[in-house]
Amino acid sequence: MPDWKININPAGGGAAFVPAIHGAKAGDPLAAGQDDLVTWANNTKQKHQPWPATSSWAPLPDDQVPRTSPLYLSDPIAAGGSSRPSYDVAQPAAVPPATTGPAQWTVYYICKNHPNERGTIIGNAN
Amino acid sequence: MNRIVRCFLALSLLVAVVLPASAQRRRAAAPAAAPAPAPTPTPGSQWIACLGDDGTTVTLPVIPEIAAKDGKLRGNLLLSDAQERIAFRVPFGLGVIPGGSGTSIKCAPNYVRTFQAVDDKGKPVPGYPPQTGTYPDPMPGPTLRARVGDLVQLTFVNQINTQDFGDSIDRGEKNTGTGCDETGNNIYPGTTGDTYPDCFHGSSTGNIHFHGTHTNPNSTGDNVFLEIRPSLRTNGKPVVTPASVKPAFDRFFAECAQKLQVSVLSEWPYAWSDLPLAYRTAQEAMLKKYDTTPNIKKLWPVDAAQIKKGDWPQYYIGAYPYCYRIPDYVQSTFPPPAPAAGHHTGGPLSGAPPRALQMGQSPGTHWYHAHKHGSTAINVANGMTGAIIIEGGYDDALNAVYGTNFTRNAKVLVINQLGVSPNLERGIQGVNDKGANFSVNGRINPVFNMYPGEVQMWRIVNTSGRASALFAAPGGAPAGLSWKQIAQDGVQFNSVNFNSQHFANNSFLLAAGNRADLLVQAPANPGPIAVTAQNEVDPTDLLAYPTPVNLPLFTVNVTGSGPAMTLTTTAPAFPPFLIDIKPSEVTGTKVVTFASTPPNATPTTNANPAAQHTINGTKFNGEVGEVVLMNNVEEWKIVNQSYGPLISHPFHIHINPFQITEIFSPNDTLRTDNGSGTVAIANNSAVVTGSGTTFTNLSPGYGLNIPGQGALTVLSVTDDFHLTLTAPLTVPPPGSGTTASGLTYTINVPRYVFVNSPAPLAGQCYLNPAADQSTWKPCAAVSQPPAQNNIWWDTFPIPSGITVTWSGNANGINIPGYFKLRSRFVDYAGYYVIHCHILAHEDRGMMTVVEVAPLTSPYSHD
């Protein structure tokens, strides 16, 4: 099962999330499979922290995302550092009456320190 | 399940976009001829085309070499990282049947750590194949080629970009966190039971283990306690390069050559001060700079304390000079005559009596790999392995038969299970997975040519971090090919084994770490021939499969023409130091016990611990586990107390090879028979009902293989038509709900039985499970290897144990498997290790230190 990296690159006075895939651009989603691992590399001179958000880019409240949560993406990442812990791309559970989780789903995230910095991960069940 | 529920509670807020199925299509194949333009990512698909998906033939790449010249193996071995096209078997979770139906290979661009041969400017040496896709394909580390007697003088440079991976920079040294790598959602270390230092960590730190070498385990030799950090960087560029250390290392290598010239047993350097001043100054400065990183334990104080005590310091940054001799045994007899008084002492201790080299380096196929505790599994899976070819009389003899450079033109076949982070760090945790499919020289099922009738030498190295490759099973050499095995683990066979039918066209097991040399002859008729292997970590794995799967290793394409050749019967002269170890040589014995607990069985506060792996009841903690006096010969009983899941832990010892004198495998199968009649089964029931069956021919411990059900074990037999298994069937029979009937089956007839009635069959042995442990040993027929012509190994899978259950004793009794070895602990004092070569087990604690104590004290008694 693959591991993936998302770069946090300087962009327009701020930063942008760019999947480390040839040809990827700022804002492109990262495609990943269930239980793939994702990490972020901070290539800027500022601290960043990927943080889960709603589909309208509202950050989830801290109390909904403890460090042990499946939604927790990373600790704050120092300038020049890489993320910790690794993020395991988990398939959402089935929503009754469905008996299996979605074949594909999207994880929205922002930078907790810079909410205008946004990214997505598209998860695939297989 | 809790994880999924928790995931649902929160992620249900987020799941908003479900892309159409069409978006899941695979990315178009990249052109094969030249590097392709970067493709546009396809949202929803993480896969890219694999090499060969476009129909082109995947040829076996020739691995570039660093070859010795004028008695010195000089070169730059660069540890770096790259985003490569890595092949994965999908879907995950069917790993219990690698290559089984429903599985396929897909590729993804993933960052991996790599070994590469580079010149002094840091550029790859000639010989690397051109890149054919957007991403480079994996390539093992360069083959190191030297000759017995040569000096190894390698410049090791670590330029890993730590940003290409999650934060795993020897987190164990940091003051915060668990010290282990971490995966969110409490996955890792989570409830696995792993604690620092016996957990996955430190995967950007490098070193080299020269697996199979008989040499100095200290300082700049085969020293696996070294930790060489990645170079510091300025403006994103590594500051330590081959060029930056070249002046200092050139001086060091020159002095090292001079010091090691004194005697074949000379060792040098001894102390930090023996390293060049410029290197020491730079190392101290870089370590101190590294130590300014927030929230880390400082490294330089550790080195400084070791230096003050006269110990060899363990932490370095960016580069390290490996310098040691590959000893050449030049005597014509064994044991060697004692050197004349006044001859070199052969060691660092002044006043030590003269001594002679007891064992030379066996010429043959050896290998090297990363050996940083905590990250050997991921680093080896990334591809940080390579072959070491040590030439000698063995090569000379074969070249005399087949022509100059015959052995240099041998196919070097580096098998690996390439991949990235260990399964245990993922949500699925993969406890039943057997690892990735085998690759050969970084390719899945590559092709190479032989002409009709041609004889080639194949040097096969299983560098996999997990699985054994049961080579060419069942039945041995595939139709058309003929072969004879001529060496094991880099040690040539003597003339008897060289021409033994036992090693002709044989199937053989290459556990993780094993090597084999073959002489192979192509058939007269052209055409492709598939060479396959079965993936196992225990022989019982294969019994559990409905049909063992033959995974493709490579394909031989028989084509063209050339001069007539034959498989020689002339064995190379056998070095005298490889004479069998006699019982009378043994001066000490030990029992070393490897053990695995099953998942969920450890009585800890963890709710769901993973299997735990120990040696002599403890995990690796740096303490010395076994002490031997140098130049003594010992016999060790290597015990395996793993009863389920069954694991044949591959035992490996550094520096000295060993011979095996006894093997006890209580799970051995005598043969497999077709069952008479048919059987009916029901889900959640342990009862099997027969029709036309003769179950009274069976007894407890026999195995039943029912299609779709895997291997089952008989607990008791009621009559010819009813028996009970040791566990209820938990998988619904396919296609018919909860019952199935009319099923054919086969019977695994065990070598060992645990009831005396009916009487054991010919070839079977009765082990008294409850009353007489003295019966827990091999059948007489298999208890002893030949009195001579023994094989040398450095890695051997320890047979797993068995839990014997019977009616009225459901808990059963555990009978461990074992083998006995004899080894000469000769020539080199110091610290090295024994460990399981399933490297995730080693990382998680299944390793201990062996101390070989010097023969003399450092004091004079004049």
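Colleague: Which way is the link of B:Cys256 and B:Cys323 handed?

Modeller: In this predicted model, the link of B:Cys256 and B:Cys323 is left-handed, with -105° about the S-S bond. The link is a disulfide, and the two sulfur atoms are 2.0 Å apart.

Colleague: Where do B:Cys256 and B:Cys323 lie?

Modeller: B:Cys256 is in helix 2 of chain B, residues 242–260, and B:Cys323 is in strand 11, residues 319–325, so the bond ties together parts that are 67 residues apart in sequence.

Colleague: Is B:Cys256 buried or exposed? And what about B:Cys323?

Modeller: B:Cys256 is buried, with a relative accessible area of 0%. B:Cys323 counts as buried too, at 0% relative accessibility.

Colleague: Remind me, what is a disulfide?

Modeller: A disulfide is a covalent bond between the sulfur atoms of two cysteines.

Colleague: How many disulfides are there over all chains?

Modeller: The count comes to four over all chains. One of them joins B:Cys180 to B:Cys199, with an S to S distance of 2.1 Å.

Colleague: What does B:Cys180 with B:Cys199 tie together?

Modeller: Both cysteines lie in the loop between strand 5 (151–158) and strand 6 (209–211) of chain B, so the pair ties together parts that are 19 residues apart in sequence.

Colleague: Why is that one called left-handed or right-handed?

Modeller: The torsion about the S-S bond of B:Cys180 and B:Cys199 is about -95°, so this disulfide is left-handed.

Colleague: How accessible are B:Cys180 and B:Cys199?

Modeller: B:Cys180 has a relative accessible area of 1% and is buried. B:Cys199 is buried as well, with 0%.

Colleague: What about B:Cys765 and B:Cys779?

Modeller: B:Cys765 and B:Cys779 form a disulfide, with their sulfur atoms 2.0 Å apart. B:Cys765 lies in strand 40 (residues 765–766) of chain B and B:Cys779 in the loop between strand 40 and strand 41 (792–793), so the parts tied together are 14 residues apart in sequence. Both B:Cys765 and B:Cys779 are buried.

Colleague: What is the pairing in chain B, going in sequence order?

Modeller: With the bonded cysteines of chain B numbered in sequence order, the pairing reads 1-2, 3-4, 5-6, 7-8.

Colleague: Why is B:Cys836 not bonded to B:Cys199?

Modeller: The closest cysteine sulfur to that of B:Cys836 is in B:Cys199, and it is 17 Å away, too far for a bond. A disulfide needs the sulfur atoms within 2.5 Å. B:Cys836 counts as buried, at 0% relative accessibility.

Colleague: And A:Cys111, buried or exposed?

Modeller: A:Cys111 counts as buried, at 0% relative accessibility.

Colleague: Changing topic to the surface. Which residues make a nonpolar patch?

Modeller: B:Val624, B:Val627 and B:Tyr831 make a nonpolar surface patch of about 250 Å². B:Tyr831 is in strand 46 of chain B, residues 830–836. At 41% relative accessibility, B:Tyr831 counts as partly exposed.

Colleague: How many helices and strands are in chain B?

Modeller: Chain B has nine helices and 47 strands. Of its 862 residues, 58% count as buried.

Colleague: What is the accessible surface of chain B?

Modeller: The accessible surface of chain B comes to about 32100 Å², and 55% of that belongs to carbon and sulfur atoms.

Colleague: Last one. What part of the contacts in chain B with a separation of 6 or more comes from residues 24 or more positions apart?

Modeller: Residues 24 or more positions apart account for 77% of those contacts in chain B.

Definitions and conventions: Residues numbered from 1 in each chain as written. Chains lettered and ligands numbered in written order. Predicted model: local features only at pLDDT ≥ 70, side-chain atom pairs only at ≥ 80, totals over all residues. Heavy atoms only, no water. Helix = DSSP H or I, 4+ residues; strand = E, 2+ residues; numbered from the N terminus. Buried < 20%, exposed > 50% of the residue type's maximum accessible area, 1.4 Å probe, protein only. Patch = residues over 30% accessible without salt bridge, like charges linked within 9 Å, V, L, I, M, F, W, Y side chains within 5 Å. Areas by Shrake-Rupley, 256 points an atom, 1.4 Å probe, with all protein chains shown as cover. Salt bridge = Lys/Arg side-chain N within 4 Å of Asp/Glu carboxyl O. Contact = heavy atoms within 4.5 Å.
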